[in-house]
Structures are given as C-alpha cells and as structure tokens.
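Here are a few exercises to work through with the model open on your screen. Try each one yourself before you read the solution.

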Amino acid sequence: MEQKLKGLVEELEAKLSQVKNANDLNLLKAEYLGKKSVFNDLMKQLKDIPNEEKPLMGKLINEAKQQIAAKLDDAKMEMDRKLVEEKLKSEAIDVTLPGKSSNVGSKHLLSQVIEEVEDIFVGLGYTVKEGPEVESDKYNFEMLNLPKDHPARDMQDSLYISEETLLRTHTSPVQVRSLLENTNQEPMKIICPGKVYRKDDDDQTHSHQFTQVEGLVVDANATLADLKGTLLFVAQKLFGEERKIRLRPSYFPFTEPSVEVDVSCYKCGGSGCSMCGYTGWIEILGAGMVNNNVLRDAGYDPDKFQGFALGMGIERIAILKYGVDDIRAFYTNDLRFNKQFRGK
Amino acid sequence: MKVSMNWLKEYVNLDPDYKKLEEAFNLKSQEVAGLEKLVDIEGLVVGYVLTCEKHPEADKLHVTTVDVSDEVLQIICGAPNVAAGQKVIVSKVGVVLPGDFKIKKAKIRGIESNGMICSLEELGVKEFDPEETGIYVLGEDAVIGEDPLKYLNLDDSVLELDLTANRPDLLSMEGVGYDAACMLDLEIQTKKHTYEKRKEENNFSVYTDTKDCKAYYAQVIDHITVKPSPSWLKARLMAAGVRPINNVVDISNYVMLEYGQPLHAFDYNRIESDTIIVRHAKTGEKIVTLDGQNRDLLEYDLVITDGKKPIALAGVMGGYDTEVEPDTTKVLLESAYFDPTCIRKTSRRLDLKSEASSRFEKGVDPNKLIKAMEYATQLFVELAGGEVVGDYSFFDNTQKDPTRIDITLEKLNSVTGHTFTISEVESILKRLYFDYHKQGDLFKIDVPTRRQNFYGYQDIVEEIVRIYGYDRIPTTIPATPTTGYLTKKQRLRRTIREYFVNNNFNETITYSLVTQKEAVEFDQLTADTVVIMNPLNKEKDTLRHSLLPSLLNILQYNQSRKIDNIFLFELGRGYHNGYEREWLSGLMTGVYTSTLWQGKKEVSDFYLLKGLLESLLVKLHLEDYEIKKASEPLPTMHPGMTADLYINKQYIGYLGKLHPQKEMDLGINKTFVFELDYDKLAELYEPNLVMQPVPKYPSVSRDLALVVDRDLEAQAIIDQVIFAGKKTLKDVSIFDLYQGDKIEPDKKSIALSLVLQNPEKTLESSEVDQIIERILKHLDKTLNAKIR
Ligand SMILES: [Zn+2]
C-alpha cells in the first residue's frame, strides 16, 4: 500500500511536467481528486484490511492525497504566474516614444514683474489703483506741480491728443485722482501700475510705451525714514535679502526732497563689476517726499498731512533681473523670447 | 555742466585727489557723468629745435635735433613750418597720443627718428588755435624739458555734472564753488573786480515797457581790438566745453560760466541810435539773427530794439546787423534779466537752445547782474585794450533780497523721521552760507538769491538732508496700519492669465498706438478714433480700438519665423473718445496638441476655441451663458463661422474664424480669434460659493438618436430637451452627428446622451421611461424630431 501511494505521487509529478494549459491541469485534478479518482478506489479497499491497520492506512492515504492536492495547487499558481508574466511582457511599451506635445504657455514677463511688485506692496498694506491712459494735462502735469511752461516739462516729451489731453507720461495722475477720491482724507497707501507713453523713438534702451509702478503714501506722519525703510524692503524683496540701498539727491517736481535710489549690485555684491559700471550700485527707481503743492492742489492741508511717493519702471526691473538686453523685446513678442519666461 | 578743476581751485582749496569731490557730488548734489583730464596725454615735453635740415631722401621731411633738457633727440618732422630755434611740443618714444597712437623709435627713409614734434590736432585740441597749420610753436618763455600742457594751461581735469532742473546755481563756477565748499566743509573764496573808467558823460539810455524785462545794464567800451584770447582763457573755455572764438565772444562766455549771467556784446557803431528799448515783438516783425536766419517774431518774443527795429532776440540770440566783427572797435555790453517763461517759449519755438537761453529760462541771480558786467568790463580792459566810457546805463526792478523761509526743528524731524540737533542744523546752514536767525527751535532762514527756486520749508529740508547725508537717515516702515488687497477685477485678471497659460497660450503685451487703419479694424464699438497730434511716425499715430490687429501682427511675425502653432492672448485697453475699454483677446492657429506617431492630432478649430472659452466661463462660475451664431459678424470675420457670446443675456464679445480674405491679405494660416469685453466680464464675475449637497442617489444615463432637419441648430434641440426634461434632467450632451446617404438628404441624425437624477430617491426604470417618453413627444411636437 505504501509503495503504491508513493508511486501515485511520483506518477502525478511526471504528469504535471507534461501539463501545457489550464485544461490539462483541470483534467489532472479530476483524475486524482475527483469523484472517480484513484483515492476513491483506495478508500474502498480500506475496508478489506485488518481493523488495527485501518487508522494508519487511512492516515497514509490522506497524506498522499494532501500532497497531491498541494502539488496541483502549486502547479496552478505557477501557471497563473506565468500567464500574468506573459501578459505583462506582451503589454510592455517603448517609454521612449514621444508623449503628447502641445505649445508651452507663458505669462508675459512684464505681467510677472508687475504681479511680483503688486504682491510686495499688497503685503505692506497697499491697494492697487488704476486710471485712464488718455489723461488731461491737468492731472498729468498741472496738479503735480508742473504748470505749463515749467522747465521740467522738457524732461518728458509727451504725445498729445489735443492741447489739453495727452497720453499719460507717468502713472502719477492716478495718484492725483486717488487723492481727490479719498474725500475723507483717510490714511492712504496705494500703488499705481500701468502703461505710460513718451515721445521717444524706439531703440535698444528707449520705448515710446513702457510700464510704471508708482507708489504713494499720505497720512499724518509718513516720514523720509519710512520711505527709506519701504524702499529697502522692496529692493530686498526684488533683488535679494542681502541687498543694501543708497539714496542720492535728484529732482522731480512732485516730490521735495527727491532722490534716486540705487541698490547694491546683486552680481558682484557691491565690489564693482561690468553690470554696475564698477560702482557697486545700480539705479532702480526714483522717489521723494510729496511736494506740498501737490497736497494743497488735491485739497490736503500740508500742515496736517505728509507723504512719500516712489516710481519704478517695470521694464528696467525686468531688464536688470533677467538680463534682457533690448527693451523692444518686451513688445516684439517673439515667442522664442516670451516662452523663455514660462516657469516662474 | 563741465567743471574745470583748475578754475574751481580759485574758489576752494581742493584736495588734488578729485575722487572725494566726485563722490560728494554723487551722494550730496548732482550725478557725476564723468571725471576726465582735459588732455589725457602723459609725458609730453617742451623741446628746443637745435638744427633743422632737409631729409636727403625726401623733399617734404626734415631731420631735426631737439634739445629736451635731459637729452638731444634726432626727430624726423614732416611739418612745413618746423625751423631751428623754435620751442615745440615733443612726444618722446613711448608716449601715447589720442586714438591709441603710440610713439615708437622708427627709421624713416633710412634715418632714425626718436619721437615726434606735435601739432595741436595730434593732441586732440585743434580748437585751441584753429589758425595753426603744422606743428605748434610755443612762446619764447616756455621752459625746455617741462610739461607743455602746463605752459598752455591745458593741464586740467574736467568734472562733468548732469544737472537737474532745480539747480541752475550750478550753471556757474561760483555756484559750483559754493556747493563744493559746503559739501567738503571748506571756505569759499569769492572774487572782486575793478577797472578804471574814462570820466565822461554817458549819453546812452535804456528803457523798457514790459515787466518781462526786469533789468537791463549797458556799458559802452571803446578802443577795443578783436583778437584771439590768451591761452589761459581759451583753455578754461575748452574745459567747459565752449569753443574759443575771439576775445570779445570769449569774455562774454567766460563771465557767463563764472557767474551764470549771460552777457551780450553789440557792435556799438552798428546800433543806429543812442537808445535801447526792450519790448515785446510786434506782429509781422522780423529779425535776422547771428546765424543769418530771417526769423518771424510773435508777440510773446522779447526783443532788444534801437528804438525802431529789433537788433537782438532777447536772451536767445543776437542780431546779425549789430554783431561784433573783426574790425569792431567799440562795444555795448548787455547784462539783463529776462522773464524765464518768455525766453523758454521763444527758444523752444525757434528751436534755439543756447548756453544763454538755458540759463535765462531757469532764472538768473539778480545779484550777479552788476558783478558779471563789471568782471566782463575789467576783462575788456585787460584783454582787448578797451577804455570804459563813463558809467553804465541801466534800469533794474529785480528783487534782490534773500528769500525768507521759516522752519522749526520739530518740523524737520517730523518730516525726516530723524532727530536732528540744533547745532547740526546750524552747522549745515553755515556751510550753505545761508543767513539765519534762531528763535527757540525756529529757524528764520535767508536764502541768498544765487539759490533760486526756494519756496518753502521742504526746500530747506532737502538742503539739510543732502548735506547731512541720506545714509544717516534711519529706516522705518509707516506706522499707520492699512489693509492691502487686490480688487475683484484685479484678481480676475490673474485668474484669466493663469487659465490661458495653463491651456498652452502665450500672453502678449503690444503697443497701444497703431496705424489709422488698424485702429478701427475689429472695432466692436464706435468708429471714433483718438489720434496723436504730434506722432512719432505714421505707424503709431492712432490709439487702437481692438487688440486683434496687434495680435495678428505678432502672429505674422512669428509665422514668418517658422512657428506655425501659435496661441496668443492679451488683456489690454481699447481707446475711444472719452472712454477706455479693457478687452480679453486672443487667437489660435495650427496644431494644439498632438501625438503624431499614434496618429492623434488636435488642430485649432471653432469648437476647440469654443470649448476653451466655455471651460473658462465654467471656471468663473459664469454658467449662464449662450453662444449664438453671430447676427452681424464683423467684415473681417468668416460669416458662417462666427458666434456671439452672451452672459446673463448680456453681449460680451465674439469668437470665430477670420475671414479667408483677411487670412490671405496677411499671408497667415487658418486662424480663430476671440475678443471679449473684460470690463463686463469682471462686472458679471460674482463667485458666490455656498456648498451644494452632493447627490445621494445614483443617476441614470439614456442615449437617444434623433432625425431632424439638417439646418436645425443643435442648441435648439438641447434647449427643448432641457425644457421637457425639467428638474430631473441633470445633463444633456451630443455624442454623435451624422448626415449622409443613410438618411434623407435634408435631414441629419443627432445622438444625445441624457443624465437623469432625482435628489430625493433612486429613479425607477419605469419613471425614466416616462420622462424619456415625455421628452420625445415634446421634441416631435416642437422640432419635428423623430427617433431614429
Ligand atoms: Zn556689480
């Protein structure tokens, strides 16, 4: 009996090695473990053997049956594994073939810099004001302490639509409008971004259209020191936390005193290089304390209010930060240029 | 302003290292444009020509021996005027002349030459003596072996200042001297001028009938000789960037540079009367100016007349008829104060900007009128051999008192945010040479007339802070708290930019000024144009209405550079008479996305553009929109492929394909464009986000295939499905469209997918059947739509 059982297991193993597919395996399973299997015959033969041997024999038969069942299961698992493997193999792709391609979208570099500047000032408690680009001489010049025939009007050659209207030469008229709108004379912190125009022929460094952001703070006690602190904060946010600033006297009719603001060169750190003309400093913007005439014209009592203003050219900031070498590139919109600034 | 260092040293005791002065100007006054030597040549020496023989091999060359003190050099010289016994300027071997011309030892036709005898031209200072031809011969008193530049007074350095409009005081050497003295904390040495005059009655009189000439001084000087100026004077003028002419002109210019007061010399004998009357010009009057131009005068022009006719354009240019000529022997010297605005208007109109006019139009110092005239008179005596004819004639209504400005220490400190002390302020005022009286913390300051444009305490703050140093002002942040934010309209711009950028579009920014033709193309509003009166050129003389012409130019530009797939958008304004409108515009052409090896390609077309805009509207919660066939498409658009967009029943703009003719004209590929009214979009944009419950019960989908008339718009079917489906209908979409030989020629088949859902319970299949039945009946009745 024992020999026979052993033979059965060996016979199965031999047959398993011949199995080709799931069907073969199922037939084999029916042959050994089904209702008409060899084990049924063996169980029937069990009643012919002596009683005392029955438990042992029964045990041996069951063990052989379990052994065979386990081998069949293993074979089944192995077959499944192979199937999956084959499927995976057949499904494998060439991952180096190109993916879906599309145009690379990009935000205009000037928009990016405007948004950056806006965010810095909004963080400091400023709101953003806008106004018309076709402006009256009154708001663009006269209310900014620039009466007609003022020599400083030479500084700004303007594009006129009529004697009294022109394309604004700066965004300062928005400041005037904002002062006039602020009828309760609440403390005010605003910036005015936008397009401005000058009668300049376009070349590498000049553009008849460009973008400015001007800032204005008016309240009872805004000081020159506040202006300096604000400028330092903005310069560091734009050009790096290690930057220093330097103020030099200048002249704008709407501020008094007026200053030019230099930032320490971000390329050489201030030791001098070609970027900064070997001075260690780069001019970035103009600023000053609001001229009392401007406050007075807007209906503010200069004895009760004071403030400061600042103005920067967005193109200049972009040129400095991104090494753009021709101001016309911002307006040409050569997509090979625009797309370079896609990810920021 | 070009500042001669030698000249400035007459006013202040300057450190020979000018870097300190340069830095002081940069940080406390005016930007320095440059600091350079007047003649930047090292190593020139005075030489004495011992012998001068003809070169044996060349007719035009001379072989000379030149004593340069420490040696005798053999030099070949080509100048015709070289001769033994001359003192000359010698460049020894190794000296570098302008143009990077290095003097080397050379053999010229077999004879050695060890240097060069120089002309003024070779030194780059031809205007020092324009008459000179050949080498420059120095005077007998030149010392052999010494620096010839020093001998000629050309050993100078020039500091160039970029002046701002508020500092006309720096248009004079005296003014620069005051500023330098103040910044460097030095004493200033001012000058005094004296001369002898003939005791004789002066018969010349001066008048005016206008307040625009506040003062006029006239001094007659006789027996002058017009000749070249001495070298010191020429060198000073050259350092200042003014070309030397002759002693008369040079003296006027020199004194103007010294004191900022322009002067004019008339040829006395050419004035046809003994009276000068300053008045405004009369209509129709003319004058021939120094430059020979015949000028038509206007009434605001100020003129100097001889009582009858203009003899000079006041402050702007002298008259041709009374000009000083080489044979002039008697001059009338003018020192006057003319109204700045008058001078500015005239010089601008005639485009005559001179050293004189630019000083008059910024306002000259009334306290320099006499001093300048006296200095010039002295120089006429000294340099032109003149005799002064009696006293000057004059009238003078100028305000000569200082400007009184009050400021308290408290005001200074509250404006600057810094705590100045009384003694700091006093020290700065003293350095500025401003007189003041102190009452407690109040300063009553007398600003001298040499500093014009002082109106209030802010001007004093400016002076004190710049001299004190901006670097010593603290840095603080405004104390008053305010809330910073972007408005809805400003935030929406950013959302839209992000949307288009994420959908593969490139943002552009283009010029607002376009051609007249472009300005009104694609115009959705009125055809009024805003035209520039003084345009840069014809290409940019009108403000645009629509952004699309600019975008199409960008498309053309890029397409001609072999970029075929172009997706652009821009947010910008259109300009009309009296108002501006902001547009959101864009265009697309070419392949939008592709996986070519899989045969997949998404090409720009109407429905791709429509889908992009619809998704944007959904993103912005502007779901109540309609896109309809354009009722009146613009002539530049394809009439069959253009649609209007309405949001909440308001017209917002359009989208569609360009007219094929327009594409042909521009030479561009098939292009789809849109232009939406951003102002309205921003107005309608009201995201009101309140949570809606997510449905608890499942939805059911059903598909329908309908046969309808071929020209029935899809939207009409969808509208009726929505109407009949009532609340249970959640969504309807079109998933197939067929027109062809399997159905009647005037019909099309359209397949719809419907989504039904009841928020209260699960829909039974019988209920779904009922609803579908209802919809079908309704479609049949209203649209004659049959189930296929
Ligand atoms: Zn640097």
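**Exercise 1.** Work out what kind of contact the side chains of A:E115 and B:R497 make, and what the pair joins.

*Solution.* Keep in mind that this is a predicted model. Start with the distance: N to O comes to 2.7 Å between A:E115 and B:R497. The cut-off for a salt bridge is 4 Å between a Lys or Arg side-chain nitrogen and an Asp or Glu carboxyl oxygen, so the pair counts as a salt bridge. Next, look at where the two residues sit. A:E115 is in helix α5 (residues 109–123) of chain A and B:R497 is in helix α13 (residues 488–502) of chain B, so this bridge joins two chains.

**Exercise 2.** Find how many salt bridges cross the interface of chain A and chain B, and check the pair A:E133 and B:R573.

*Solution.* Over all chains, the whole structure has 77 salt bridges. Across the interface of chain A and chain B, the count is eight. Now for the pair: the closest N and O atoms of A:E133 and B:R573 are 3.4 Å apart, and the two form a salt bridge. Polar contacts can be counted as well, and between chain A and chain B there are 55 residue pairs in polar contact. On the side of chain A that touches chain B, helix α8 (residues 224–239) gives the most, with seven residues. Sorted by class, that side has 32 nonpolar, 29 polar and 31 charged residues.

**Exercise 3.** Describe the size of the contact between chain A and chain B.

*Solution.* First count residues: chain A puts in 92 and chain B 88. Then turn to area, since interface size is often given as the accessible area lost when the parts come together. About 7600 Å² is buried between chain A and chain B, with carbon and sulfur atoms giving 52% of that.

**Exercise 4.** Which strands pair between chain A and chain B, and in what direction do they run?

*Solution.* Strand β1 (residues 101–102) of chain A and strand β35 (residues 591–595) of chain B run antiparallel, joined by two bridges. To place one of them, go to A:S101: its bridge partner in β35(B) is B:S594.

**Exercise 5.** Trace the open four-stranded sheet in chain B and name its edge strands.

*Solution.* The order is β42-β43-β41-β44, with antiparallel pairing. The edges are β42 (729–738) and β44 (786–787), each pairing on one side only. Eight bridges hook β42(B) to β43 (residues 747–756). In β43(B), B:L752 is the bridge partner of B:I734.

Key: Residues are numbered from 1 along each chain as its sequence is written. Chains are lettered from A and ligands numbered from 1 in the order in which they are written. This is a predicted model: local features need pLDDT of at least 70, side-chain atom pairs count only at pLDDT 80 or more; totals for chains, interfaces and linings use all residues. Side-chain values use heavy atoms; hydrogens and water are left out. Contact means heavy atoms within 4.5 Å. Buried area is the accessible area (1.4 Å probe) that two parts lose on being put together, summed over both. A polar contact is a pair of N or O atoms within 3.5 Å; within protein, one must be able to donate a hydrogen and the other to accept it, and residues adjacent in sequence count only if both atoms are side-chain atoms. Ala, Val, Leu, Ile, Met, Phe, Trp, Tyr, Cys and Pro count as nonpolar, Asp, Glu, Lys and Arg as charged, and the others, Gly among them, as polar. Two strands pair if DSSP finds at least two bridges between them.
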